[in-house]
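Here are a few exercises to work through with the model open beside you. Try each task before reading its solution.

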Amino acid sequence: MYQIKYSVWDERRFPGFRQKLVQLEQVSKQAFYASHGDPNEEKYIDRVLHYLEDYYVSLFQTKLVSKESYSYVLEQLKKMEVIKLFPKDERKYLAITYRYGLSVNPEPKTLRNLSEEDVAFMIAAHEFGHIINTEWHDKSLRYCNQLYSQTRVQGILQNMGLSDVGYLKDGFCLLDEGISQEVAEILTYDRKKQSRPLSEFRNNIEIFNYQPYKTNFNLYGEFQEPVARFARTLNFLHCSPQDSDDEVLTKLARQAFRGDLLDRIQMELEMKPDKMDNFVILLASLGRIKRSTYEKVGLTPGDRKNIVVNSYLSPLQKITDPYVKSGKSW
Ligand SMILES: [Zn+2]
């Protein structure tokens, strides 16, 4: 029987959460034994469940979730169906979330100044973010089909050499990635009672050629600046050019965890239709970056010879530079 970590999960304030934790343990362990997992690794499922409790508590403590959004976030997390461990011969990836099912690698490695424990929590926290984002993310896929039915939108994508609605959908995937990792980074350092590292320049030669990218993420750093730049153009987030990428991403995450990020984007575009062309260009550029990074690691099949995305950074930079205090960083 799963040992609940916190005593706060009473039915009145957090309906169904305690029961969900117990049920997730049962379902996940059944799946674990059905797949003939190593009995020594069984306890990793409990560890992930403890991280889920930590995650939910920390969302309040860090004020990433407001009082009004407690129950929204709880309802999303309660949709989680199973926690699986990757089999021993398939541990190339850290974790994968497919809709409400989560698969993790139970062999976390140290990373920069993060211990194995920090990394294990960060990876799980990132995936919990995806679970919370699934609802609006699903809706975004339908919205992309709607956008792509417009000849004008198809024309913009064709001009970019991206004649495929999938690039718009992948753009929303990148937002989901940026949000999930920003929250995971905040909570990991909050747990360690340390401040987050300063941004630095790093290289990903296969994707960005020799153009360094700026980030203070420990994982998925390539996504941070493109997603922050995109978010800066959304008026309803009220970003100022003085805001750091972290501050911008935190605003984006708070909106997403209220559940109305997509609604707000749609509303803004309806009220300001002149923003639509740039919106499509930005979203597709994010989508191209996402597609390349996934092709690089083999998560998406594709031509690995054609994954350099520098040409898509230029429009992203040109459109968003007025929203960034220091302008150019690529
Ligand atoms: Zn992810």
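**Exercise 1. Which residue in β3 is the bridge partner of Ile-83? Then work out how the strands of the sheet are ordered.**

Step 1: Ile-83 has Leu-102 as its bridge partner in β3. Keep in mind that this is a predicted model: local features need pLDDT of at least 70, side-chain atom pairs count only at pLDDT 80 or more, and totals for chains, interfaces and linings use all residues. Residue numbers start from 1 along each chain as its sequence is written.

Step 2: β1 and β3 run parallel and are joined by four bridges. (Strands are DSSP E runs of at least two residues and helices are H or I runs of at least four, numbered from the N terminus; two strands pair if DSSP finds at least two bridges between them.)

Step 3: Put the three strands together and you get an open sheet, ordered β1-β3-β2, with mixed pairing. The edges are β1 (82-85) and β2 (95-98), each pairing on one side only.

**Exercise 2. Find out at what angle α5 and α11 pack, and which residues make the contact.**

Step 1: α5 (residues 151-159) packs against α11 (residues 276-297) at about 45°, and the axes are 10 Å apart. (Axes are lines fitted to C-alpha atoms, for helices over the stretch in contact; angles run from 0 to 180 degrees between N-to-C directions.)

Step 2: That angle makes α5 oblique to α11. (Under 35 degrees is roughly parallel, over 145 roughly antiparallel, 65 to 115 roughly perpendicular, and the rest oblique.)

Step 3: On the α5 side, the contact is made by Val-153, Ile-156 and Leu-157; on the α11 side, by Asp-277, Val-280, Ile-281 and Ala-284. (Contact means C-beta atoms, placed from the backbone, within 7 Å.)

**Exercise 3. Is His-36 buried or exposed? Check its phi, then do likewise for Arg-112.**

Step 1: Most residues other than glycine have a negative phi. His-36 isn't a glycine, yet has a positive phi of about 55°.

Step 2: His-36 sits in the loop between α1 (17-34) and α2 (43-61). His-36 counts as exposed because it has 8 C-beta neighbours inside 10 Å. (The cut-offs: buried with 20 or more other C-beta atoms within 10 Å, exposed with 12 or fewer, partly exposed in between; C-beta atoms are placed from the backbone.)

Step 3: Arg-112, also not a glycine, has a positive phi of about 45°. Arg-112 is in the loop between β3 (101-104) and α4 (116-148), and its 9 C-beta neighbours inside 10 Å make it count as exposed.

Definitions and conventions: Contact = placed C-beta atoms within 7 Å.
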